[in-house]
Amino acid sequence: MRKGVILLLVFPLVAVFLGIFVGSYPTNPFNLDQLGKRVIWNIRLPRTLMGISAGMALGLGGMVLQAVFRNPLVDTYILGVSSGVALGAALAVSFLPMAGIAPVALVFGLLAVFTAYSLARVNGRVSTVSLVLAGIIVTSLFSALLALLELLLPSESLSALVVWLMGSLSNATWEKVAYSLPGVVILTIFLYLLRFRLNVMSLGDEAELLGVNVPLWRGIFVFLSALLTVLVISFTGIIGWVGLIVPHTARMLVGPEHSKLIPATISMGITVMVLADVIVRLLPGDIPVGIITTVVGVPFFAYLLRKTGGGWE
């Protein structure tokens with residue numbers, strides 16, 4: 001147990017070190033020249049901090065939904081967040097360039113979640129099946145509207161939008177970090193303070209026997225999870241699968257108790273996202289980090305499906 005705690009502390013520190021000092025321009029941490037200092041300050045440090053923000057937010061967002069709906073195959077994208085963010089980004093590129101992509105994408109990401117949750121709520125209750133079906137409806141509708149907008153975009157704007165939607169940390173700036181990371185940290189602290197409530201909610205409908213208003217708290221946790229996600233992907237584009245593989249792996253390592261699971265998810269989320277971005281820098285071409293997480297996440301998802309059958313253990 002003690003060895004596991006040490007590893008969960010060391011892995012993100014190593015990843016952040018590599019994120020700062022590994023890239024196409026060689027930098028020696030013990031002998032930095034002026035250009036190396038500029039590269040680190042202007043490019044690698046904001047990029048690494050955005051990776052930390054993304055790893056924390058996407059991992060915790062998936063962890064919360066998996067606990068609330070008692071299903072290891074659930075993450076925030078089943079709520080239509082990605083299609084909402086994509087539609088918002090397309091609208092910003094097409095008609096609202098002065099507003100910027102991130103604010104419009106954030107609003108539409110939350111709108112998608114609100115719509116899906118409202119559709120899934122029947123007689124005051126939201127089941128996993130109804131939420132998945134509502135997410136499919138919202139995703140289909142927003143995807144159709146996105147396709148319509150893409151037909152109207154000029155080729156240059158369309159190419160830029162497609163690359164943005166693939167998810168990348170290469171466009172990270174200090175300004176974007178300042179908008180994303182503090183909000184993610186505040187929500188993380190808030191979730192940790194609610195760890196006991198998450199433990200109770202993970203009991204499912206039995207939580208009602210303990211006097212918990214399950215529909216109310218389920219709605220609160222869904223909103224917090226969605227807010228965490230859009231605080232990141234509104235700036236980075238769509239980064240898939242992190243919210244699925246990170247919390248499930250962390251749960252296998254430390255168990256379902258959230259006083260341990262939350263720190264473990266943070267540690268693994270930071271490690272996965274920052275290392276994925278380091279790998280991108282070492283590959284030829286400007287490959288979006290969302291492609292790397294998808295390539296790794298898809299076979300892991302297949303493994304989960306075969307192992308768990310989609311249920312909760």
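In which helix is the place of threonine 188? In this predicted model, threonine 188 is found in helix 7, which comprises residues 174-193. The residue has a relative accessibility of 8% and therefore counts as buried, the cut-off for this class being under 20%. When residues up to four places away in sequence are left aside, threonine 188 is in contact with Met56, Leu60 and Ile266.

Charged side chains were examined next. Side chains of opposite charge can pair when their charged atoms come close. Across the whole structure, 2 salt bridges were found. In one of these, aspartate 277 pairs with arginine 47, with a separation of 2.8 Å between the closest N and O atoms. Arginine 47 belongs to helix 2 (residues 34-68) and aspartate 277 to helix 11 (residues 258-282), so this salt bridge ties together parts that lie 230 residues apart in sequence. Both aspartate 277 and arginine 47 are buried.

Aspartate 277 also forms a salt bridge with arginine 281, at an N to O distance of 3.0 Å. These two residues are 4 positions apart in helix 11, and about one helical turn therefore separates them. Arginine 281 has a relative accessible area of 14% and is buried; for aspartate 277, the relative accessibility is 2%, so this residue likewise counts as buried. Through shared partners, the salt bridges join Arg47, Asp277 and Arg281 into one network.

Technical notes:
Residues are numbered from 1 along each chain as its sequence is written. This is a predicted model: local features need pLDDT of at least 70, side-chain atom pairs count only at pLDDT 80 or more; totals for chains, interfaces and linings use all residues. Side-chain values use heavy atoms; hydrogens and water are left out. Buried means under 20% relative accessible area, exposed over 50%, partly exposed in between (1.4 Å probe, protein chains only). Contact means heavy atoms within 4.5 Å. A salt bridge is a side-chain nitrogen of Lys or Arg within 4 Å of a carboxyl oxygen of Asp or Glu.
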